[in-house]
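I opened this structure for the first time today and kept notes as I went. The entries follow the order in which I looked things up.

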Amino acid sequence: MAEYRLTRGSAVVRAADGAEIPDDPRNTDRQAYAVWLDAGNAPDGVDLALLASAKTEAIETLYAGRLLHGFDYGGKRFELDEASQGKIGDLATASGFFALGVGGVTWDPIPFVAADNSVQVFATAADFIAFANAAKLATQALFARRYVLKTACRAAATAEALDAIDIEAGWPDL
């Protein structure tokens with residue numbers, strides 16, 4: 001392992017402390033790096049695992065944002081974050097029990113809060129089950145895009161291949 005490591009930009013990273021040294025000839029750390037190079041040393045290449053990790057974190061951030069943005073259903077937008085998914089799943093289970101006539105479960109119309117804080121009332125169990133199914137399909141579509149992007153990051157063999165992965169493109173339009 002060399003004392004320095006290249007980055008995708010013009011900065012280098014000092015291995016001893018992880019300091020990023022800018023490409024500025026007035027910087028004393030950059031001057032020390034130049035002396036080190038002049039002595040015949042060579043820096044390590046770009047840390048592909050670190051780049052892949054950063055890109056994967058960016059994918060996770062996009063995924064979380066898209067879940068929060070949610071999906072359109074019945075002219076309203078509904079969030080798909082973890083808490084919303086849990087509520088939808090719990091209510092779908094109760095709706096299914098009612099629809100199947102299990103255990104004396106009664107039906108009261110379910111009010112559900114949309115992303116704009118308006119209330120959507122699902123008058124029948126079948127209405128809510130259809131909504132829950134749409135939410136499940138939307139969540140699965142987002143999960144699938146996230147999976148494809150993260151798999152591509154893991155498979156990238158070079159920094160250039162990793163850079164070529166457009167994490168903004170290809171998300172489903174919900």
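Before counting, I noted what counts: helices are DSSP runs of H or I with at least four residues, strands are runs of E with at least two, and both are numbered from the N terminus. I also noted that this is a predicted model.

**Entry: elements.** I counted five helices and seven strands in the protein. I then read off their order from the N terminus, which is β-β-β-α-α-β-β-α-β-β-α-α. I looked up the radius of gyration next: it is 25 Å, well over the 16 Å that the globule rule gives for 174 residues, so the protein is more spread out than a compact globule. The box I drew around the C-alpha atoms along the principal axes came to roughly 85 × 30 × 25 Å.

**Entry: burial and contacts.** I asked what share of the 174 residues is buried. I found 30%. I took the contacts between residues at least 6 apart in sequence and found that 55% of them join residues at least 24 apart.

**Entry: surface and charge.** I noted an accessible surface of about 10,200 Å², with 56% of that belonging to carbon and sulfur atoms. I listed 15 positive and 24 negative side chains. I compared the centres of the two sets and found them 3 Å apart.

**Entry: Asn117.** I stopped at Asn117, which has a positive phi of about 70 degrees although it is not a glycine. Where does Asn117 lie? I placed it in the loop between β6 (110-113) and β7 (119-122). I then checked its relative accessibility, which is 64%, and since exposed means over 50%, Asn117 counts as exposed.

**Entry: aromatic rings.** I searched the whole structure for aromatic pairs and got 16. I looked at Phe71 and Tyr73, whose pair is tilted, with 6.3 Å centre to centre and 55 degrees between the planes. Phe71 is buried at 3% relative accessibility, whereas Tyr73 is partly exposed at 23%. I turned to Phe122 and Phe128, whose ring centres are 5.2 Å apart and whose planes stand at 90 degrees, so I entered the pair as edge-to-face. Phe122 is buried at 3% relative accessibility, and Phe128 is buried with a relative accessible area of 0%.

Which residues do ring pairs link into a cluster? I wrote down Phe71, Tyr73, Phe78, Phe112, Phe122, Phe128 and Phe131.

Terms used. Residues are numbered from 1 along each chain as its sequence is written. This is a predicted model: local features need pLDDT of at least 70, side-chain atom pairs count only at pLDDT 80 or more; totals for chains, interfaces and linings use all residues. Side-chain values use heavy atoms; hydrogens and water are left out. The radius of gyration is taken over C-alpha atoms; the globule rule is 2.2 Å times the number of residues to the power 0.38. Buried means under 20% relative accessible area, exposed over 50%, partly exposed in between (1.4 Å probe, protein chains only). Contact means heavy atoms within 4.5 Å. Accessible areas come from the Shrake-Rupley method with a 1.4 Å probe; for residues, only the protein chains shown count as cover. Lys and Arg count as positive and Asp and Glu as negative; His and the chain ends are not counted. The place of a charge is taken as NZ of Lys, CZ of Arg, CG of Asp or CD of Glu. Rings of Phe, Tyr and Trp (its six-membered ring) pair if their centres lie within 6.5 Å; planes under 30 degrees apart count as stacked, over 60 as edge-to-face and the rest as tilted.
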